[in-house]
Amino acid sequence: MDVSLTINDLFKIGLYIVGIGALGYLIVIFKNLAKLISKISGIVEDNEENINATIKEVPEISGNINSITKNADIAIKEMTPDINGIVKNANDITGKIGSITDTAEQTAMKALDTADLTVDAIADAAYSLKFNIKNINDYIQIIGDVIERVKIIIKNR
């Protein structure tokens with residue numbers, strides 16, 4: 001027996017397989033959903049008294065929240081001028097600290113410049129002294145040579 005399949009038949013078979021897989025997946029989803037609903041139902045039944053008590057307390061809780069909000073609003077309105085004063089004082093202090101910092105920085109820079117000038121002057125003086133000592137040594141040798149020559153000249157006469 002020969003059976004011939006067309007591309008259309010193969011396509012239909014593929015779609016049937018995909019449909020069966022999707023249907024199986026939906027069955028698993030509905031099964032898990034049913035388990036979840038039964039668990040939620042059990043939790044609600046176990047805690048029904050607590051839920052009812054909480055629902056009865058909601059108006060009182062809401063009233064407390066409104067009271068707290070009003071008190072907080074009044075406190076904020078009363079504290080706003082003080083807070084503004086504190087912020088202004090903090091800004092003034094910050095400005096003064098910045099001024100002190102700038103002055104200290106300028107003083108440190110002047111001290112550093114003075115130290116640099118002093119070090120340079122000491123180094124220049126040391127170099128001058130070194131060269132002057134060499135010059136004095138040269139002068140002493142020249143004077144010594146002149147005295148020697150004068151002695152020689154005096155002996156020869």
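Here are some short exercises on the structure above, each with a worked solution.

This is a predicted model, in which local features need pLDDT of at least 70, side-chain atom pairs count only at pLDDT 80 or more, and totals for chains, interfaces and linings use all residues. Residues are numbered from 1 along each chain as its sequence is written, and side-chain values use heavy atoms, with hydrogens and water left out.

**Exercise 1. Overall form**

Task: Work out how many helices and strands the protein has, and whether it is spread out or compact.

Solution:
- Start with the elements: there are two helices and zero strands. Helices (H or I, at least four residues) and strands (E, at least two) are DSSP runs, numbered from the N terminus.
- Next, take the radius of gyration, which is 52 Å, well over the 15 Å from the globule rule for 157 residues, so the protein is more spread out than a compact globule. This radius is taken over C-alpha atoms, and the globule rule is 2.2 Å times the number of residues to the power 0.38.
- Then look at the box: along the principal axes, the C-alpha atoms fill roughly 155 × 85 × 30 Å.
- For a distance inside helix 2, pick Asn52, which lies in that helix. The C-alpha atoms of Asn52 and Thr80 are 42 Å apart, with their positions 28 residues apart along the chain.
- Finally, check burial: buried residues make up 0% of the 157 residues. Buried means under 20% relative accessible area, exposed over 50%, and partly exposed in between (1.4 Å probe, protein chains only).

**Exercise 2. The nonpolar patch**

Task: Find which helix gives the most to the nonpolar surface patch.

Solution:
- List the members: Tyr25, Leu26, Ile29, Phe30, Leu33, Leu36, Ile37, Ile40, Val44, Ile51 and Ile55 make a patch of about 1000 Å². Helix 1 and helix 2 are the elements that give two or more residues to this patch.
- Recall the rule: patches are made of residues with over 30% relative accessible area and no salt bridge, joining like charges within 9 Å and nonpolar side chains (Val, Leu, Ile, Met, Phe, Trp, Tyr) within 5 Å. Accessible areas come from the Shrake-Rupley method with a 1.4 Å probe, and for residues only the protein chains shown count as cover.
- Assign the helix: helix 1 gives the most, with nine residues.
- Test one member: Ile40 sits in helix 1 and is partly exposed, at 46% relative accessibility.

**Exercise 3. The negative patch**

Task: Identify which residues form the negative surface patch, and which helices supply them.

Solution:
- Name the residues: Glu45, Asp46, Glu48 and Glu49 form the patch. In charge counts, Lys and Arg are positive and Asp and Glu negative, while His and the chain ends are not counted. A charge is placed at NZ of Lys, CZ of Arg, CG of Asp or CD of Glu.
- Match them to helices: helix 1 (7-46) and helix 2 (48-156) each supply at least two residues.
- Check one: Glu48 belongs to helix 2 and is partly exposed, with a relative accessible area of 45%.
- Widen the view: the mean positions of the protein's 16 positive and 21 negative charges are 14 Å apart.

**Exercise 4. Salt bridges**

Task: Count the salt bridges and explain why the partners in each pair are about one helical turn apart.

Solution:
- Apply the rule (a side-chain nitrogen of Lys or Arg within 4 Å of a carboxyl oxygen of Asp or Glu). The count is two.
- In one pair, Lys77 bridges to Asp73, with the closest N and O atoms 3.5 Å apart. Lys77 and Asp73 are about one helical turn apart because they are four residues apart in helix 2. Lys77 is exposed at 58% relative accessibility, whereas Asp73 is partly exposed at 37%.
- In the other pair, Asp92 bridges to Lys88, with the closest N and O atoms 3.5 Å apart. Asp92 and Lys88 are four residues apart in helix 2, so about one helical turn separates them. Lys88 is exposed at 52% relative accessibility, and Asp92 is partly exposed at 36%.
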